[in-house]
Amino acid sequence: MAVEVCVKAAVGAPDVLGDCPFSQRVLLTLEEKKVTYKKHLINVSDKPKWFLEVNPEGKVPVINFGDKWIPDSDVIVGIIEEKYPNPSLIAPPEFASVGSKIFPTFVSFLKSKDSSDGTEQALLDELKALEEHLMAHGPYANGQNVCSVDMSLAPKLYHLEVALGHFKKWSVPESLSHVRNYMKLLFERESFQNTKAEEKYVIAGWAPKV
């Protein structure tokens, strides 16, 4: 029985992979572990009846290993790690929260209409903390090999790059060279290329919120 996973379809293009970073995190984890899976693209503005019957909350991603549908990307990646331990993506506990505040600070800055409200500096502070971590432990969050932290951060950093580049003409400062290299390494991975949404769909996904 193949693993089945439901992920967000693109806004306005229900047959194309969408821009949900939590969906991509799950797909990245499956790809890095070379797990065969069947992908269902869910149009979140017109959810199919069968999907709501098996998943009444209607959230994506959800995964099925053969018996029931399981929601929540945190839970899902933990189960994937248990069922498919090789290659291990386990991060040391002390690294588990690396970069965890980047996404909320990015969203605050993206939505900000006031350049003096501190949201840009808050994001820069989080990126600087990641820079310092990568200087000590890089090139990935846990050294030479990718781990679960990278699977979580990669889609969020992609959204940051695409959305801030488009809506604010903003990019990660060149002084944060380890962060920039980290993003380049992540985005070039085959797993990422196989699971990323096209930039235009990332932009379309954020447009109503900006």
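In the predicted model, Phe 103 and Phe 106 both belong to helix H4, where a spacing of 3 residues means that about one helical turn separates them. Phe 103 has a relative accessibility of 14% and therefore counts as buried, since the cut-off for burial is under 20%. Phe 106 is likewise buried, its relative accessible area being 0%. The ring of Phe 106 also pairs with that of Trp 206: the two ring centres are 5.4 Å apart and the planes stand at 80°, so this pair is edge-to-face. Because Phe 106 is part of helix H4 and Trp 206 is part of helix H9, the pair ties together parts that lie 100 residues apart in sequence. Both partners, Phe 106 and Trp 206, are buried.

Across the whole structure, a search finds 11 aromatic pairs. Among them is the pair formed by Phe 103 and Phe 106, which is classed as tilted because the ring planes meet at 50°, with the ring centres 5.6 Å apart. Planes over 60 degrees apart would count as edge-to-face and planes under 30 degrees apart as stacked, so an angle of 50° falls in the tilted class. Through ring pairs, Phe 22, Phe 103, Phe 106 and Trp 206 are linked into a cluster.

Helix H9, which contains Trp 206, spans residues 199-206. Its buried residues are Tyr 201, Val 202, Ile 203, Gly 205 and Trp 206. These buried residues pack against two strands, S1 (3-10) and S2 (13-17), and against two helices, H4 (102-111) and H6 (148-168).

The packing of H6 with H9 can be described further. Two packed helices are described by the angle between their axes and by the distance between those axes. The axes of H6 and H9 come within 9 Å and cross at roughly 75°. This crossing angle makes H6 roughly perpendicular to H9, because angles of 65 to 115 degrees are placed in that class. On the H6 side, the contact involves Tyr 158, His 159, Val 162, Ala 163, His 166 and Phe 167, which meet Glu 199, Val 202, Ile 203 and Trp 206 in H9. Of the residues in this contact, 7 are nonpolar, 2 are polar and 1 is charged.

The UniProt record, an unreviewed entry, carries the annotation "domain: GST N-terminal" for residues 10-88. In the model, the end C-alpha atoms of residues 10-88 lie 30 Å apart. Helix accounts for 37% of this span and strand for 23%.

Note on methods. Residues numbered from 1 in each chain as written. Predicted model: local features only at pLDDT ≥ 70, side-chain atom pairs only at ≥ 80, totals over all residues. Heavy atoms only, no water. Buried < 20%, exposed > 50% of the residue type's maximum accessible area, 1.4 Å probe, protein only. Helix = DSSP H or I, 4+ residues; strand = E, 2+ residues; numbered from the N terminus. Contact = heavy atoms within 4.5 Å. UniProt positions renumbered as here; feature names shortened; annotations may be inferred. Axes fitted to C-alpha atoms, helices over the stretch in contact; angles between N-to-C directions. Parallel < 35°, antiparallel > 145°, perpendicular 65-115°, else oblique. Nonpolar A, V, L, I, M, F, W, Y, C, P; charged D, E, K, R; others polar. Phe/Tyr/Trp six-rings, centres within 6.5 Å; stacked < 30°, edge-to-face > 60°.
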